[in-house]
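The following exercises are to be worked with the sequence and the three-dimensional structure in view. Attempt each task before reading its solution.

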Amino acid sequence: MELVVQVQSLEALAAALKLAVGGVALKLPPRPAAGWWAEAKACQAEAQRRGIRFYLVWDGLVKEAERAWAMEALAAVASMSPEALVIRDLGLCRQARRHFPGLKLHAAENWGCLNSLGLRQAQALGFSRVVLGGLPTLKDLALMRRQSSLPLEVVLGQTCSGFSGLCLLPEYLGIDCAFCAGLVSQEDNPGARLAAGFKMLAGLAQLGVEAVQVAGGFSEGEPLGQVVQLYQTVWEASPAARPQVLAAAREVLTAFKESLTAVVGPEEPALREPQKTRADKRGASRLQPEPELRLERRRLWLEARNYGEAVALAREWREPLVLELTPETYRAFLPEHRRWGGRRLIWRLPSVIFESALSFYRKAMETLQQGGYARFVAGDWGAVALVRQVGGEVLGDQTLGVRNSWALKTARELGVAKVCLPPGRRPEDWQELLQQGTPASFWSYVYHFPALAVWPREAAPALSRRRGPLGEKLRLAPEGDLIFLCKEVPEYLGSLGGWLKQHRVAPLILALPRSGLPRGQVPAWVAPEPKRRGLKEV
């Protein structure tokens with residue numbers, strides 16, 4: 001077993017190198033200062049002297065305008081020859097494979113692997129290991145191990161239990177983590193969290209997982225050293241001795257409980273004082289665009305909140321409808337499938353599909369495909385692989401992380417027909433990407449409440465602050481087994497309809513989920529059209 005400690009700074013790295021760990025992972029800053037690379041190389045040399053593996057982590061996304069700088073940084077990384085570069089961006093993966101084939105690549109936690117199809121996709125891309133976080137049970141992990149032999153690194157002891165691969169906070173609010181920024185809170189006891197990690201660790205040992213990453217904000221000090229030693233002791237214990245070792249570990253945690261909060265708890269950055277935005281002055285209930293803005297129905301798809309609403313909307317809406325595929329919507333749809341047309345209904349795959357649920361979705365999608373329903377919206381690479389496996393067409397969502405033309409080419413090679421435009425509000429936010437990309441490669445939301453962060457419902461997050469860094473009003477929206485962090489005011493691009501049409505961005509999706517608009521009604525600000533025969537009464 002390899003015990004990996006990820007650190008955020010060179011100072012923390014120096015502290016981690018004094019511990020008896022198998023590997024240290026240093027995160028690259030967004031724009032390393034001139035002297036950063038030299039210091040990182042010195043720390044790498046010290047790690048090698050101590051027999052500790054040295055990893056670099058680059059888990060951010062590269063924008064189209066940053067490609068030149070990214071190539072320079074990638075060359076600098078390759079010159080260091082780390083044990084591996086841990087990345088998320090598919091564009092960086094593509095360039096590394098082409099220009100630096102000797103550089104080992106690991107898929108970062110926020111690459112978003114949740115099932116064995118994601119593992120197979122990662123292996124096909126050339127990743128030699130995948131970092132996993134957010135797995136709810138050992139059962140899902142065991143099922144994944146049966147389907148793939150790709151080496152795994154499991155993150156334990158996270159301060160935030162959200163799904164990092166679905167997080168859009170950096171692009172919409174400019175922060176990396178809602179928990180660390182103090183926007184949300186969870187009932188958190190660092191000692192209990194580590195104890196749960198130790199218990200999980202015992203199961204990982206039985207599954208033969210190759211590496212474990214110790215999460216937290218690390219600094220020098222005796223408690224941190226004891227935490228690392230406890231992880232190693234639990235891992236190395238025999239199955240017969242493990243219960244006694246776990247009990248002893250809990251006693252040690254209790255002994256330095258107060259110190260743990262400072263060592264592994266979240267560090268809350270200072271946020272700017274909330275500023276009144278135009279949206280706030282209109283009021284949080286202002287969910288509709290300005291009256292003078294009218295959306296034409298042509299090229300516009302409407303996303304319903306449930307099957308009943310889709311049926312009601314279809315009586316007056318003749319353009320395609322989008323509906324999330326769940327056991328409930330599937331059961332409601334099957335008896336009435338003949339009343340729909342394959343081009344009329346597009347299915348959105350859930351944000352999270354764990355291994356234990358793959359069988360249902362595979363069978364459901366095969367049935368839908370046989371009935372002519374072949375278009376699916378997918379938000380992670382495992383879901384993309386699932387659609388391609390059943391022969392469907394993929395519309396990739398924002399959470400796929402396609403932010404540059406390198407990544408776009410890779411996405412197309414993986415079978416994605418179109419990808420959603422990245423978060424933005426002005427033409428200049430996408431101009432360069434559209435110019436470099438293949439024509440007609442993009443679709444976009446025209447009205448939606450994006451999920452800024454996603455947690456399992458059992459995590460029970462609570463809003464600590466109802467405003468974001470710039471005064472944006474926020475709310476939590478429970479849906480099924482998940483909880484979403486959203487703004488109270490929607491993202492609306494209706495005024496850019498002409499520009500989007502000119503650049504062949506289609507379709508445009510008007511998404512009703514998480515909105516407060518009347519149910520079962522086409523929004524009043526969508527331009528009417530003469531009535532035509534639509535769906536039969538159901």
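**Exercise 1. A tryptophan in a loop**

Task: Determine where W430 lies, whether W430 is buried or exposed, and which residues surround it.

Solution.
Step 1. Locate the residue. W430 belongs to the loop that runs between β15 (416-420) and α18 (431-436). The model examined here is a predicted one.

Step 2. Judge the accessibility. A residue counts as buried under 20% relative accessible area. The relative accessible area of W430 is 1%, so W430 is buried.

Step 3. List the surroundings. When neighbours within four places in sequence are left aside, W430 touches L421, P422, P423, G424 and R425, and also L493, L496 and W499.

Step 4. Look for a polar partner. A polar atom of the W430 side chain lies 2.8 Å from the backbone oxygen of P422.

Step 5. Consider a residue remote in sequence. K63 is 367 residues from W430 along the chain, yet their C-alpha atoms are separated by 9.6 Å.

**Exercise 2. The barrel**

Task: State how many strands close into the barrel, give their order, and describe how selected strands pair.

Solution.
Step 1. Count and order the strands. The barrel is closed by eight strands, arranged β1-β2-β3-β4-β5-β6-β7-β9, and the pairing is parallel.

Step 2. Describe the turning of the strands. On average, neighbouring strands of this sheet are turned by 25° against each other, direction ignored.

Step 3. Recall the principle. Strands of a sheet pair through backbone hydrogen bonds, in either a parallel or an antiparallel manner.

Step 4. Examine one pair. Strand β2 (residues 23-27) and strand β3 (residues 53-58) run parallel and are joined by five bridges. Opposite G23 stands R53 of β3.

Step 5. Examine the two partners of β7. Strand β6 (residues 129-132) runs parallel to β7 and is joined to it by three bridges; V130 has L152 of β7 as its bridge partner. Strand β9 (residues 211-214) also pairs with β7 in the parallel sense, over four bridges, and E153 has A211 of β9 as its bridge partner.

Step 6. Assess the cover of β7. Five of the five residues of β7 (residues 152-156) are buried. On one side these are L152, V154 and L156, and on the other E153 and V155, so that both faces are covered.

**Exercise 3. An open sheet**

Task: Identify which strands stand at the edges of the open sheet that contains β17, β20 and β19.

Solution.
Step 1. Write down the order. The three strands are arranged β17-β20-β19, with antiparallel pairing.

Step 2. Find the edges. β17 (453-456) and β19 (474-479) each have a single partner strand; therefore one side of each is left without a neighbour in the sheet, and these two stand at the edges. From one strand to the next, the twist averages 25°.

Step 3. Inspect one pairing. Six bridges link β19 with strand β20 (residues 482-487) in the antiparallel sense. Within β20, I483 is the bridge partner of P478.

**Exercise 4. A glutamate and its partner**

Task: Decide whether E303 is buried or exposed, and name the side chain with which E303 makes a polar contact.

Solution.
Step 1. Place the residue. E303 is part of strand β10 (residues 300-303).

Step 2. Apply the cut-off. E303 has 5% relative accessibility and therefore counts as buried.

Step 3. Find the polar partner. The side chains of E303 and R348 make a polar contact at 2.7 Å.

Step 4. Add the other contacts. Neighbours within four places in sequence again being set aside, the residues in contact with E303 include V322, Y445, I509 and L510.

**Exercise 5. A covered helix**

Task: Establish how many residues of helix α4 are buried and what is found at its start.

Solution.
Step 1. Count. Seven of the 10 residues of α4 (residues 90-99) are buried, and the helix is mostly covered.

Step 2. Name the residues. The buried residues are L90, G91, L92, C93, R94, Q95 and A96.

Step 3. Examine the start. There, a side-chain oxygen of D89 comes within 2.6 Å of the backbone nitrogen of G91.

**Exercise 6. The chain as a whole**

Task: Summarise the secondary structure and the burial of the protein chain.

Solution.
Step 1. The chain comprises 19 helices and 22 strands.

Step 2. Of its 538 residues, 57% count as buried.

Step 3. The chain exposes about 23,100 Å², of which carbon and sulfur atoms supply 49%.

Technical notes:
Residues are numbered from 1 along each chain as its sequence is written. This is a predicted model: local features need pLDDT of at least 70, side-chain atom pairs count only at pLDDT 80 or more; totals for chains, interfaces and linings use all residues. Side-chain values use heavy atoms; hydrogens and water are left out. Two strands pair if DSSP finds at least two bridges between them. Axes are lines fitted to C-alpha atoms, for helices over the stretch in contact, and angles run from 0 to 180 degrees between N-to-C directions. Buried means under 20% relative accessible area, exposed over 50%, partly exposed in between (1.4 Å probe, protein chains only). Accessible areas come from the Shrake-Rupley method with a 1.4 Å probe; for residues, only the protein chains shown count as cover. A polar contact is a pair of N or O atoms within 3.5 Å; within protein, one must be able to donate a hydrogen and the other to accept it, and residues adjacent in sequence count only if both atoms are side-chain atoms. Contact means heavy atoms within 4.5 Å.
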